[in-house]
Amino acid sequence: MQSSISLSLSSPSPITARSNCGVDSYSPHLFFNNTTTPNQLRFCGLRRDAFSGCKSSSSNNAIRFNQLPPTNKVFASLSGNGTPSKGFDYDLVIIGAGVGGHGAALHAVEKGLKTAIIEGDVVGGTCVNRGCVPSKALLAVSGRMRELQNEPHMKSFGLQVAAAGYDRQGVADHAQSLATKIRNNLTNSMKALGVDILTGFGAVVGPQKVKYGKVGGTETIITAKDIIIATGSVPFVPKGVEVDGKTVITSDHALKLETVPEWIVIVGSGYIGLEFSDVYTALGSEVTFVEALDQLMPGFDPEIGKLAQRVLINPRKIDFHTGVFATKITPAKDGKPVMIELIDAKTKEPKDTLEVDAALIATGRAPFTEGLGLKSVNVQTQRGFIPVDERMRVIDTKKKLVPHLYCIGDANGKMMLAHAASAQGISVVEQVSGKDHVLNHLSIPAACFTHPEISMVGLTEPQAREKAEKEGFEISIAKTSFKANTKALAENEGEGIAKMIYRPDNGEILGVHIFGMHAADLIHEASNAIALGTRIQDIKYAVHAHPTLSEVIDELFKSAKVVGCVSSVTPEAVAV
Amino acid sequence: MSSSLLQSRVPTALSFSSSIAGGTKPQWRFTSAPAVTFTRRTRNSTIHAKIREIFMPALSSTMTEGKIVSWIKSEGDVLSKGESVVVVESDKADMDVETFYDGILAAIVVAEGESAPVGAPIGLLAETEAEIEEAKAKAAGAGSSAPSTPAASAPSPPPPPAPVAAAPTPVAAPVAADGPRKIVSTPFAKKLAKQHKVDINKLVGTGPFGRITPADVEAAAGIAPAKSSAAPVTAAAHAPAAAAAAAPAKSAPTFAEIPGATIVPFTTMQAAVSKNMIESLSVPTFRVGYPIITDALDALYEKVKPKGVTMTALLAKAAAMALVQHPVVNASCKDGKSFTYNSSINIAVAVAINGGLITPVLPDADKLDLYLLSQKWKELVEKARSKQLQPHEYNSGTFTLSNLGMFGVDRFDAILPPGQGAIMAVGASKPTAVADKDGYFSVKSQMLVNVTADHRIVYGADLAAFLKTFAKIVQEPDSLTM
């Protein structure tokens, strides 16, 4: 029986002990346990009071987490950009200043590498300027509109709201100012650390050599020990589609919200299309989905997709055509509406022509890898994507690794998500600073910010079943509903489920899918568990504050039935 | 025998439907469920037809009845085995109920939002189209125990056979006659048509490019435009014919569109004003005017002004004191059958504020002295400007005062706000040549007040008497300061 204070000073925390799996090894603060400063002790003392009042003796982990010193201590110990290795201008040059490049740059400086980042357009890339960030601003508006317009919902709170309206320009400005703010934050964070921001279009000119500059202007050649390509992607526009930016648009245009059409076709019902359908219908548009596959929302777990369709599509002013390709889309002109010609995806026979006010092309994204000088290092892109191995090392035409050249993010196509790019960047920096690291992509969560939200990590049920069959193990499914959650009911948002696919024999979490209020925030408990290899039989003892939405996940873990395996970590009893 | 399909259901098993006609397997036993008795009788009467019932499943051991959240399929939809048909809410969760059989959803017996006990039929499944009618008849008969089909319970009349293109002003449809016209209808229009059973092919669209809009379907179904339509209120560009949403009139006339016009949606406050004004039309009002000499009041105002007393406070106080003597003018008619005599005299004063109109209320204006009233008024105006007024501070008035005198308006006519008995419109006080009873002319300051009142409770003589009292108080204002 130790007191919690002496524990934090002397005994290794179980988390540190387990970190040999590598995934969390880039979190150096975990090793700083012994340097707990007096003010942390005081903090700890406060926690102790709090806990003793709750009689919660099983929450050891929680206490240990709280004792970790803040991360900025680590940054503070490193002052700015490092000095380059001999013979090179930089240790690391990153081409592309999106979220992936930014994440890599920050981590590189932390590792003491002399780092430069080349930005050809604007800092922040797609995510910050034309993607996740401004779309969240629009979705924040749409969520509120939806709530205010939902009379029964308001009434159930006892609230009365007179006709909710909006000012389009005001909404658009909110999105724009958010993007600007985040872009400045990103730029400042790099400047503060002393990352060299080089402006211009970057390209590889040979091994460990990069040029940059304005196209047609003066170009500068710099050398770097290691190079990361992080050039991202652009909206993919299929053949036959004429984008005019006014009535036939991509997400780039839609985020500016220059118009709110009365009726818009969204080509593609993936998460981009789905999010925009949420925005447009909340602002009063009617939406028609055109989906090439037989089902809406491909890529989501089928059960989640089904429920999501029931909540996000059916009751809204949305209809859809599935199993069809849009072969020709003509913008509105000469007094004619936008024309969309559909053919059957299988028989290729003409099926229908839609006449609408606008069309949004949300058929995915294409890598932005042209003009990168890849020929100089003998690399051939595949459908535009740069081939890489599991360590993001670029592979050349002879299937050999190109030394010192890495590619992260949308440009390699492994997982086209901003935070995946950033994680890949950090993984590469780990490697170039002498530590092997392989990123577990199955632990990277994804989210769709509709109302309510959808989030997922790991495998879907069909994927898990396939894997289970191949590798010969059993899988089980656990499900919980938001309907039984106090917080969700208090918010009158009981619609939603959480679903976990796991191995009953050893308690491994294979996938978690959540549809419901704040699902995007709830997924991280599951993604962290997968990343750290935490098993259900361990995590189920973790305590969740009541009443919170996180109890949905708590219940999910608790309802799982793991057989023949006892808790792998026996937590030491800690007196509090 | 007794362990029927129904009783053996475990919470996770959701499929439910059982043959009731021509079925060879033993039926379940429920001793006292009338619905089941009914089912048996049907079984005898229809020997060969294959009409199956979809039952309310038991989704958990504690469930005794379930609520239909939504029908995923509609009447007439072809179902295949294993497809989800309906979503049922139990005490724990919403679950999809699947069908065990192929067929056509012939009739919905329990509509969305309604509840049914576990085991009760909620829908009928026909095997062939020929049996749909029969199933429907059966569903109608089942209305005795279960709520009837949405079609029967819906208040909307059957869709008129003639296409409803007749808006007051025929819209010049720009659709060129190119052979058989393609019918274009918006997603929501389609949904509404299905919901209200309107044959969309018979409609003539009035939307852009001749497309059928939700409004067209609503017109055909004979229902008023949905009040909560999302109001596409784009301030710029083209906003064709969206104006209809603003006017709740039943057959909104289409106004000629003037190119380049800017549509600015109502703010919440403006929408509330609009709503109140429309409501006021249902009250029979009349007006009585009265000239009042204000020299004495003006003199008093000059005296008390340095102490922070405003003209508004003076007028409110005077009105309140007059109302004490004429309680009927301070009353209101809430139901068209009775007088509601208000226990306190709360003077609402109309104020124009940032493009809106609000009526902060001076409560108990008869009891508070002038200085307190003035102070209170200052507070209210400040709150109104910063949009901090609490509901009771603007909706508890029993009598309203509206003063446009400061603009030089000599007289005007106010609209009686719903829920009140009378409103006073005060014009400017102006030097006027007045003849006294002896025929001598003199120039006096005179203002015209005009009171609008609800004639259901306030009659002409009441109002005249009230105004006489009011005029007396204003002309001999010493009592105001007491």
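These exercises with worked solutions concern chain A of a predicted model and its contact with chain B.

Because the model is predicted, local features require pLDDT of at least 70 and side-chain atom pairs count only at pLDDT 80 or more, whereas totals for chains, interfaces and linings use all residues. Residues are numbered from 1 along each chain as its sequence is written, chains are lettered from A and ligands numbered from 1 in the order in which they are written, and side-chain values use heavy atoms, with hydrogens and water left out.

**Exercise 1. Determine how many of the residues of strand E23 of chain A are buried, and which strands pair with it.**

Step 1. Helices (H or I, at least four residues) and strands (E, at least two) are DSSP runs, numbered from the N terminus, and buried means under 20% relative accessible area, exposed over 50%, and partly exposed in between, with a 1.4 Å probe and protein chains only.

Step 2. In strand E23 (residues 509–516) of chain A, 8 of the 8 residues are buried, so the strand is largely enclosed by the rest of the structure.

Step 3. Two strands pair if DSSP finds at least two bridges between them. Strand E20 (residues 453–458) of chain A runs antiparallel to E23(A) and is joined to it by 6 bridges, with A:Ser455 as the bridge partner of A:Ile514. Strand E22 (residues 496–502) of chain A is also antiparallel to E23(A), through 7 bridges, and here A:Gly496 stands opposite A:Gly516.

Step 4. The hairpin of E22(A) and E23(A) has 6 residues between the strands, and in this hairpin A:Gly507 takes a positive phi near 80°.

**Exercise 2. Work out which strands stand at the edges of the open sheet in chain A, and which helix of chain B lies across E9, E10 and E11.**

Step 1. The open sheet has 5 strands in the order E8-E15-E9-E10-E11 (chain A), with parallel pairing.

Step 2. Strand E8 (248–250) and strand E11 (318–322) of chain A each have a single partner strand and stand at the edges, so one side of each is left without a neighbour in the sheet.

Step 3. Within the sheet, strand E9 (residues 263–267) of chain A is joined to strand E10 (residues 286–291) of chain A by 5 bridges, and A:Trp263 has A:Glu286 as its bridge partner in E10(A).

Step 4. Helix H4 (residues 187–196) of chain B lies across E9, E10 and E11 of chain A, running at about 100° to E10(A); axes are lines fitted to C-alpha atoms, for helices over the stretch in contact (heavy atoms within 4.5 Å), and angles run from 0 to 180 degrees between N-to-C directions.

**Exercise 3. For the salt bridges A:Asp294 with A:Lys346 and A:Asp301 with A:Lys499, decide whether the residues are buried or exposed.**

Step 1. A salt bridge is a side-chain nitrogen of Lys or Arg within 4 Å of a carboxyl oxygen of Asp or Glu.

Step 2. In the pair A:Asp294 and A:Lys346, the closest N and O atoms are 3.0 Å apart. A:Asp294 is exposed, with a relative accessible area of 52%, and A:Lys346 is exposed at 61%.

Step 3. In the pair A:Asp301 and A:Lys499, the closest N and O atoms are 2.7 Å apart. A:Asp301 lies in the loop between E10 and H13 of chain A and A:Lys499 in strand E22 of chain A, 198 residues apart. A:Asp301 counts as buried at 1% relative accessibility, and A:Lys499 is buried at 0%.

Step 4. A:Asp301 and A:Lys499 also belong to a network of salt bridges with A:Glu303, A:Glu461, A:Arg465 and A:Lys479.
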